[in-house]
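Let's take a friendly walk through the charged side chains of this protein. Have the model open beside you as you read.

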Amino acid sequence: MDSALNDSELNEFQVKCFNAPLQPAEIVGVKRVVQERVPEGVNDRGLTLTGFLFLHALFIEKGRLETTWAVLLKFGYNDDIELRKDSLPDLSKKAPDQSVELTSEAVDFLIGIFRLFDSNNDGALQDSELDELFSTAPESPWDEAPYKNSVERNEFGDIRLSGFLAQWDLMTLLDPLKSLAYLIYLGYSNDPKTALRVTRKRTLDIKKQQSDRHVYQCFVFGPKNAGKSTLLSSFVGRPFQNAHGLADNYSYTVNTVDQIRGTKKTLILHEIQEDDVKQFLSSKDSLAACDVAVFVYDSSDEYSLKRASALLIARRGEDTGYGVHAFKDDLDSYSMAIRDSEAICQEMKIDAPIRISAKKREMNNIFWRIVNAAERCHLSVPETEYGRNMKQYRRLVNRSLMFASVGAATAVVVMAAYRAYASRKSHPAS
């Protein structure tokens, strides 16, 4: 991590790629050739990146292309200089309600990378430092949606370590193989399988009444102008007047949330636009990735509450996802707002609505509450009419099966008694 390969590191590289060590005299000769042609290719620490690239250019110039290709192939690249798929773990067997997270080994590696490129040691990465960090990758993965503008930045527009790691959590959740590929681009040299972990199925979490996840995804539903984008923006510290800067129809923001026990969880907010809800919910697995859902409405608009409640009912939520009801309270509420919303929550057996106002900076601990609802995965599940009907149906089926079992047992007993009676009648006692 000092931007140079010393003699030991150069020898280790030689053994890894060609299974043969370099003799001390050979190392001296290599560095002498580099220094004669490219003085900046060698410094007092060893062979620099400039010198390393010069060596490969020299091999190619002399017609020894197989040397450079051998190195690329050893590090998992194919003939198109892309990471081979067979060098990445197979995640195809992952169930829809499972997610992928970084392991502690991968997080430790990323912390080291962050500190290495934090050249001024101010605890944050400037855009130029981020560009340098991703210089060994095909491109920066965070310049486009959904990653652009998804994390909190400091007053200078730089990314702190917590935001850096949260951004990796987001990329790992949405595209784990891409995340792993970029880890390798940055120099992660351990077995790729040690970088990722697949979480338990949520159905098993519900049975165990606890979750083993460190990253939770929250879907944010609500009618237009209810405050969805404001909620996402406030989560990453953007001021209220900039809240409508999220233009993408499927916007994300991500941050860490402190827990009571001193631990931290990563929370990802995913905004679903009202116009896209019908198409979004048309897929049977649309809510499989949802750990918790928030339904937002504007308390000054009666129609807003009705639309939010309709969305809540539409999700048929007993089977997937968990509900939290929040309402924007920037303006005066209509007269029956609180009573109506509390009645809806009581009917669906979820906690009372949470009053928030980004404009007044009164967020009412909303993000901690969202994580808390996700962690208590066996609670906070809205009960809709569909769910109640399904429960009643299951009770009827179970009762019918019980009666059928009792009836079958009675029939067996009757048949056995009849056979005993018939046997005695045909063979009278002597």
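Does Arg-307 count as buried, partly exposed or exposed, and at what relative accessibility? Arg-307 counts as partly exposed, at 22% relative accessibility. Keep in mind as you look that this is a predicted model.

Arg-307 makes a good starting point, as its partner is Glu-274: the two form a salt bridge, with the closest N and O atoms 2.6 Å apart. Follow the chain and you will see that this pair links distant parts, 33 residues apart. Glu-274 sits in the loop between strand 10 (264–271) and helix 11 (277–281), while Arg-307 belongs to helix 12 (residues 302–314). Glu-274 has a relative accessible area of 16%, so Glu-274 is buried, since the cut-off for buried is under 20%.

Next, turn to a group of residues. Arg-200, Arg-202, Asp-205, Arg-213 and Asp-291 are joined into one network by salt bridges that share partners. Pick out Asp-291, which you will find in the loop between helix 11 and strand 11 (292–298). Asp-291 has a relative accessibility of 4% and therefore counts as buried. Its side chain makes a polar contact of 3.1 Å with the side chain of Arg-202, and another polar contact, of 3.0 Å, with the side chain of Arg-213.

Now move to Asp-212, whose side chain meets that of Arg-197 in a salt bridge of 3.0 Å, N to O. Because Asp-212 lies in the loop between helix 9 (202–208) and strand 8 (215–221) and Arg-197 in strand 7 (residues 196–198), the pair ties together parts that are 15 residues apart in sequence. Asp-212 counts as partly exposed, at 22% relative accessibility. Arg-197 also has 22% relative accessibility and counts as partly exposed.

One more pair is worth a visit. The side chains of Lys-264 and Asp-258 meet in a salt bridge, at 2.4 Å from N to O. Here Lys-264 counts as exposed, with 53% relative accessibility, whereas Asp-258 is partly exposed, with a relative accessible area of 48%. The dividing value is 50%, so Lys-264 and Asp-258 fall on opposite sides of it.

Why do such pairs form at all? Side chains of opposite charge can pair when their charged atoms come close. Across the model, the count comes to twelve salt bridges, among them the pairs Glu-274 with Arg-307, Asp-212 with Arg-197 and Lys-264 with Asp-258.

Terms used
Residues are numbered from 1 along each chain as its sequence is written. This is a predicted model: local features need pLDDT of at least 70, side-chain atom pairs count only at pLDDT 80 or more; totals for chains, interfaces and linings use all residues. Side-chain values use heavy atoms; hydrogens and water are left out. A salt bridge is a side-chain nitrogen of Lys or Arg within 4 Å of a carboxyl oxygen of Asp or Glu. Helices (H or I, at least four residues) and strands (E, at least two) are DSSP runs, numbered from the N terminus. Buried means under 20% relative accessible area, exposed over 50%, partly exposed in between (1.4 Å probe, protein chains only). A polar contact is a pair of N or O atoms within 3.5 Å; within protein, one must be able to donate a hydrogen and the other to accept it, and residues adjacent in sequence count only if both atoms are side-chain atoms.
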